[in-house]
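Let's take a walk through this structure together, strand by strand. Please have the viewer open and follow along.

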Amino acid sequence: QVQLVESGGGLAQAGGSLRISCAASGRTVNLVDMGWFRQPPGREREFVAQINWPDGTTDTGDSVKGRFTISGDSAKNTASLQMNSLEAEDTAVYYCTLRTREGTGYIRRYWGQGTQVTVSS
């Protein structure tokens, strides 16, 4: 099992910045990727960004591209999301997520509890 603990988030004004971080513990072997999804009020959960292991390449969702940057450390099993130029539409619960490859080849996804980000306009 893997446990994910998020930190950061909170309230920001439009145009401002916030940083959220995630730390993984437990059976953190054969990591595939680590990143963030978000769920705005009344909407479906959507992809934000991820960092791919072991090469460290990143993928970013179109809605946040150019404003949000993901970084991570595979040795420490951590990932952070720097959010700049925040917009009211970025208001959501942000979920840290991590995928591992098991011995059978099956890829399992884990989720954190979520952290609230609220952007006031």
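Which residue in E8 does alanine 23 stand opposite? The residue facing alanine 23 there is threonine 78. Keep in mind as we go that this is a predicted model.

That pair is a good way into the sheet. Strand E3, residues 18–26, and strand E8, residues 78–83, run antiparallel and pair over 6 bridges. On another flank, E3 pairs with strand E1, residues 2–8, again in the antiparallel sense, over 7 bridges. Serine 21 lets you trace both pairings: serine 21 in E3 is the bridge partner of serine 7, and serine 80 in E8 is the bridge partner of serine 21. In general, strands of a sheet pair through backbone hydrogen bonds, in a parallel or an antiparallel way.

Now step back to the whole sheet. It is an open sheet of 4 strands in the order E1-E3-E8-E7, with antiparallel pairing. E1 and strand E7 (68–73) are at the edges with a single partner strand each, so each has one side without a neighbour in the sheet. From one strand to the next, the twist averages 15°.

Follow the chain out of E7 and you come to the loop between E7 and E8, where serine 74 is found. Serine 74 has a relative accessible area of 39%, so it counts as partly exposed. Its C-alpha atom is separated by 9.3 Å from that of aspartate 33, although the two are 41 residues apart along the chain.

Next, look at the nonpolar side chains. The largest nonpolar core has 28 residues, and Leu4, Met34, Trp36, Leu81, Met83 and Tyr94 touch the most other members. Strands that each supply at least two residues of this core include E1, E3, E7 and E8, along with strand E4 (31–39) and strand E9 (92–101). Methionine 83 is worth selecting on its own: beyond its neighbours within four places in sequence, its contacts include Leu18, Ile20, Phe68, Tyr94 and Val117.

Finally, how many disulfides does the structure hold? There is 1, and it joins cysteine 22 to cysteine 96 with an S to S distance of 2.0 Å. Cysteine 22 lies in strand E3 and cysteine 96 in strand E9, so the pair ties together parts that are 74 residues apart in sequence. The torsion about the S-S bond is about -85°, and therefore the disulfide is left-handed. Cysteine 22 counts as buried because its relative accessibility is 2%, and cysteine 96 is buried too, with a relative accessible area of 0%.

Notes. Residues are numbered from 1 along each chain as its sequence is written. This is a predicted model: local features need pLDDT of at least 70, side-chain atom pairs count only at pLDDT 80 or more; totals for chains, interfaces and linings use all residues. Side-chain values use heavy atoms; hydrogens and water are left out. Two strands pair if DSSP finds at least two bridges between them. Axes are lines fitted to C-alpha atoms, for helices over the stretch in contact, and angles run from 0 to 180 degrees between N-to-C directions. Buried means under 20% relative accessible area, exposed over 50%, partly exposed in between (1.4 Å probe, protein chains only). A nonpolar core is a set of buried Ala, Val, Leu, Ile, Met, Phe, Trp, Tyr and Cys residues joined through side-chain atoms within 4.5 Å. Contact means heavy atoms within 4.5 Å. A disulfide is a pair of cysteine sulfur atoms within 2.5 Å.
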